[in-house]
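Visitor: I am new to this structure. Please pick one part and take me through it closely.

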Amino acid sequence: MVEWKYKIRKNEMENKLLIKIEGAEIRLELSHKDKIVGEDIWREDGNLSKNLLKRIDGLLSGNKLKINDIDPNIKVESDNESYTSARIAKVVARMMEYSLS
């Protein structure tokens with residue numbers, strides 16, 4: 001039974017989430033074994049704190065994954081233009097990391 005749980009945990013680490021912010025464009029990338037398997041791109045309209053978790057959930061469910069199926073080390077990349085959006089994305093990523101660990 002322990003070996004089976006280890007295999008599940010190992011597979012979960014192969015699914016990674018990236019939140020990328022470039023100006024007003026927000027991009028979520030879901031990768032499996034370093035290959036992008038899903039993405040969601042939209043223009044930020046001042047509601048990132050309201051929409052980000054919904055978009056992440058939609059991306060995961062569209063790929064038949066649950067939040068527990070992704071690596072807890074969620075990466076956030078941002079340009080220097082969108083400071084507030086970057087801070088929101090980092091807080092969401094850290095909250096998700098905390099809840100997954």
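Guide: What follows is a close look at the largest pocket, with the loop and the strand beside it in the sequence. First, a caution: this is a predicted model.

Start with the whole chain. It holds three helices and four strands. Along the sequence they run α-β-β-β-α-β-α. The chain has 101 residues, and 35% of them count as buried. Take the contacts between residues at least 6 apart in sequence: 53% of these join residues at least 24 apart. The accessible surface comes to about 6,900 Å². Carbon and sulfur atoms account for 50% of that surface.

Now the pocket. The volume of the largest pocket is about 150 Å³. Which elements give two or more residues to its lining? They are strand 1 (15–22), strand 2 (25–32), strand 3 and strand 4 (75–78). Strand 1 gives the most, with three residues. The lining includes Lys-16, Leu-17 and Leu-18. Glu-29, Ser-31, Asp-34, Lys-35 and Ile-36 are also among the lining residues. Asn-73, Lys-75 and Glu-77 line the pocket too. By class, six lining residues are charged, three are nonpolar and two are polar.

One of those lining residues, Asp-34, leads to the loop. Asp-34 sits in the loop between strand 2 and strand 3. Its phi is near 65°, a positive value in a residue other than glycine. Is Asp-34 buried or exposed? Asp-34 counts as exposed, because its relative accessibility is 73% and the cut-off for exposed is over 50%.

Lys-33 belongs to the loop between strand 2 and strand 3 as well. Lys-33 is not a glycine, yet its phi is positive, at about 55°. With 56% relative accessibility, Lys-33 also counts as exposed.

Move on to strand 3, which covers residues 35–43. Asp-40 lies in this strand. Asp-40 counts as buried because its relative accessibility is 17%, and buried means under 20%. What does Asp-40 touch, leaving out residues up to four places away in sequence? It touches Ile-26, Arg-27, Leu-28, Arg-55 and Leu-59. With Arg-55 there is also a polar contact: the two side chains are joined at 2.9 Å. Ile-19 is 21 residues from Asp-40 in sequence. In space, the two are 9.8 Å apart, C-alpha to C-alpha.

To recap: strand 3 is among the elements that give two or more residues to the pocket lining, and strand 3 also holds the buried Asp-40. The loop between strand 2 and strand 3 holds the exposed Lys-33 and the exposed Asp-34.

Definitions and conventions:
Residues are numbered from 1 along each chain as its sequence is written. This is a predicted model: local features need pLDDT of at least 70, side-chain atom pairs count only at pLDDT 80 or more; totals for chains, interfaces and linings use all residues. Side-chain values use heavy atoms; hydrogens and water are left out. Buried means under 20% relative accessible area, exposed over 50%, partly exposed in between (1.4 Å probe, protein chains only). Contact means heavy atoms within 4.5 Å. Accessible areas come from the Shrake-Rupley method with a 1.4 Å probe; for residues, only the protein chains shown count as cover. A polar contact is a pair of N or O atoms within 3.5 Å; within protein, one must be able to donate a hydrogen and the other to accept it, and residues adjacent in sequence count only if both atoms are side-chain atoms. On a 1 Å grid over the protein atoms alone, a cavity is a set of points where a 1.4 Å probe fits but cannot get out, and a pocket is an open set with protein on both sides within 12 Å along at least five of seven lines; lining residues have an atom within 4 Å of a point. Grid points are joined across faces, edges and corners, and a volume is the space filled by probe spheres set on the points. Ala, Val, Leu, Ile, Met, Phe, Trp, Tyr, Cys and Pro count as nonpolar, Asp, Glu, Lys and Arg as charged, and the others, Gly among them, as polar.
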